[in-house]
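Welcome, and thanks for taking a look at this one with me. Below are some notes to read alongside the model, in numbered points.

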Amino acid sequence: MWNSLANFVDRAVPLVDAYRLETRIVVWEGHNVLTVPLNALFRCQENWCAFVVENGHANKRQVKVSHRSNLVAAIADGLVEG
């Protein structure tokens with residue numbers, strides 16, 4: 001949880017105690033990014049890996065993660081869509 005500091009300009013109604021403001025802070029944003037659930041990745045040595053299905057078999061593949069949240073990871077290299 002992060003705290004935010006807001007400065008209201010020209011507010012029409014004065015604020016009272018227990019006023020609550022919810023914010024959404026965007027730290028990184030990308031377009032046409034391949035993402036996978038974070039729990040689909042695992043550590044192999046000092047790298048990230050994922051299992052991919054090839055010819056009916058699960059194979060371990062090293063991937064490069066560019067960004068991640070607590071839910072998903074953006075894949076920069078090692079996987080393709082589908």
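**Notes on the predicted model**

1. Let us begin with the largest pocket, which holds about 390 Å³ of space. Of the 15 residues lining this pocket, Trp28, Glu29, Arg68, Ser69 and Val72 are the closest to its centre. Please keep in mind throughout that this is a predicted model.

2. Which strand gives the largest share of the lining of the largest pocket? That is strand 5, with three residues. Strand 4 (57-68) belongs in the picture too, as strand 4 and strand 5 each supply at least two residues of the lining. Sorted by class, the lining of the largest pocket has eight nonpolar residues, four polar ones and three charged ones.

3. Now for the sheet, which will help you place those strands. It is an open sheet of five strands, paired antiparallel, and the order across it is 1-5-4-3-2. Strand 1 (35-37) and strand 2 (41-44) stand at the edges with a single partner strand each, so one side of each has no neighbour in the sheet. From one strand to the next, the twist averages 55 degrees.

4. Strand 4 and strand 5 make a good pair to look at next. They form a hairpin, with three residues between them. The two strands run antiparallel and are joined by four bridges. If you would like one pairing to find on screen, try Arg68, whose bridge partner in strand 5 is Ala73. Arg68 is also one of the residues closest to the centre of the largest pocket, so you have met this residue already in point 1.

5. Strand 5 (residues 72-77) also pairs with strand 1. How many bridges join these two strands? There are three, and the strands run antiparallel. Here the pairing to look for is Thr35, which stands opposite Ala74 in strand 5.

6. The structure has one disulfide. As a reminder, a disulfide is a covalent bond between the sulfur atoms of two cysteines. In this model the two partners are Cys44 and Cys49, with their sulfur atoms 1.7 Å apart. The link of Cys44 and Cys49 is right-handed, with 65 degrees about the S-S bond.

7. Are the cysteines of this link buried or exposed? The cut-off for buried is under 20% relative accessible area. Cys44, at 12% relative accessibility, therefore counts as buried. Cys49 is at 2%, so this cysteine counts as buried as well.

8. Two residues in the segment before strand 1 are worth a visit. Leu21 is found in that segment, and Gly30 lies there too. Leu21 counts as partly exposed, at 44% relative accessibility, and Gly30 is partly exposed with a relative accessible area of 34%.

9. Finally, here are some distances to try for yourself. Leu21 and Ala6 are 15 residues apart along the chain, and their C-alpha atoms are separated by 9.0 Å. For Gly30 and Val80, the separation in sequence is 50 residues, and the distance in space is 16 Å from C-alpha to C-alpha.

Technical notes: Residues numbered from 1 in each chain as written. Predicted model: local features only at pLDDT ≥ 70, side-chain atom pairs only at ≥ 80, totals over all residues. Heavy atoms only, no water. Pairing = 2+ DSSP bridges. Axes fitted to C-alpha atoms, helices over the stretch in contact; angles between N-to-C directions. Buried < 20%, exposed > 50% of the residue type's maximum accessible area, 1.4 Å probe, protein only. 1 Å grid on protein atoms, 1.4 Å probe; cavity = no way out; pocket = protein on both sides within 12 Å on 5 of 7 lines; lining within 4 Å. Points joined across faces, edges and corners; volume = space filled by probe spheres on them. Nonpolar A, V, L, I, M, F, W, Y, C, P; charged D, E, K, R; others polar. Disulfide = S-S within 2.5 Å.
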